[in-house]
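Here are a few friendly notes to read with the model open beside you. Take them one at a time and find each part as you go.

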Amino acid sequence: MHESSFEKARIFLEQYKSEMPSDRPIKVLEVGSKSYHDQDTYRGLFPSPEYIYTGLDIEAGNNVDIVPANPFIWDEIATSSFDFCVSGQTFEHNPYFWVTFAEISRVLLPGGLTLIIAPGAGPVHRYPVDCWRFYPDSWAALCTLTEMELVECYFETDEMSAIPGGKWRDSCVLARKPHLSEIELERSHKRLEKLVALFRDEHVRVVQSNLTPGKGIKAYRAEMARKSPLTLRKKIKTRLSSSDRIHSF
Ligand SMILES: C[S@@+](CC[C@H](N)C(=O)[O-])C[C@H]1O[C@@H](n2cnc3c(N)ncnc32)[C@H](O)[C@@H]1O
């Protein structure tokens, strides 16, 4: 992962740790936890015995403890069972991220916190697909949908683009599952169940779309090359040289 994403998680944890239990280990779930190319995950932020860390991913691998049978609905995880849920560089790869956010809301304990970090820009990078980019109001919509309390959200501005990983224009949210009466909590969980129901009945899988240009794209590119030849040629050259490099996400 890029350095500024790790730093966001580290600093948010530092700021919000006082809201987490201090009389027992803090239960942490990382969503999209697989480690690639020996890159760090957030696991290092949660040493035992202070924390009990569980990594969840749709693919088995390094740093993955749970691969849910259904990638969108986690029957393996009990309702109200985690204090903190963190996810980075993963929501953009999830075709139905709102279902995952609803599951995060379900598995958090009342008062539990979630930190989601996802890009607001950057090139296509498929793990195994690349579907979305996020803005501050994306989080407001997700929190409204799932009845989570939005505590704070962020978007990496132009001035921050020079920091390591700044090209991804990370967006992030810190949200809390509200403390509710028993009756209200049950109602809220039933509402979440309705929200994800479609994804329980049908396993809706998404495959990579075809990037081979058709006649529309070819005509568009030709027209733009005719209108601004120098600018376009320069941009394509830069893009080609950068696409040879492995993306550090
Ligand atoms: C770009 S990798 C990021 C991995 C790690 N978080 C990091 O920053 O180094 C995205 C990860 O999201 C996982 N993923 C994609 N869709 C997911 C889903 N619906 N639920 C959980 N993980 C998912 C992929 O398998 C992949 O491991």
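1. The chain has six helices and six strands, where helices (H or I, at least four residues) and strands (E, at least two) are DSSP runs, numbered from the N terminus. Starting at the N terminus, the order is α-β-β-β-α-β-α-β-β-α-α-α. The radius of gyration, taken over C-alpha atoms, is 20 Å, close to the 18 Å that the globule rule (2.2 Å times the number of residues to the power 0.38) gives for 249 residues, so the chain is as compact as a globular protein of that length.

2. A word on the source: this is a predicted model, in which local features need pLDDT of at least 70 and side-chain atom pairs count only at pLDDT 80 or more, while totals for chains, interfaces and linings use all residues. Residues are numbered from 1 along each chain as its sequence is written.

3. Now look inside. The largest nonpolar core (buried Ala, Val, Leu, Ile, Met, Phe, Trp, Tyr and Cys residues joined through C-beta atoms within 7 Å; buried means 20 or more other C-beta atoms within 10 Å of a residue's own, all placed from the backbone) has 41 residues, and Ala9, Cys85 and Leu115 touch the most other members. Among the elements that each supply at least two residues of this core are α1 (3-16), β3 (82-88) and β4 (108-119).

4. Which residues does Leu115 touch, leaving out those up to four places away in sequence? They are Ala9, Phe12, Val86, Cys172 and Leu174, with contact meaning C-beta atoms, placed from the backbone, within 7 Å.

Notes:
Buried ≥ 20, exposed ≤ 12 C-beta atoms within 10 Å, placed from the backbone. Contact = placed C-beta atoms within 7 Å.
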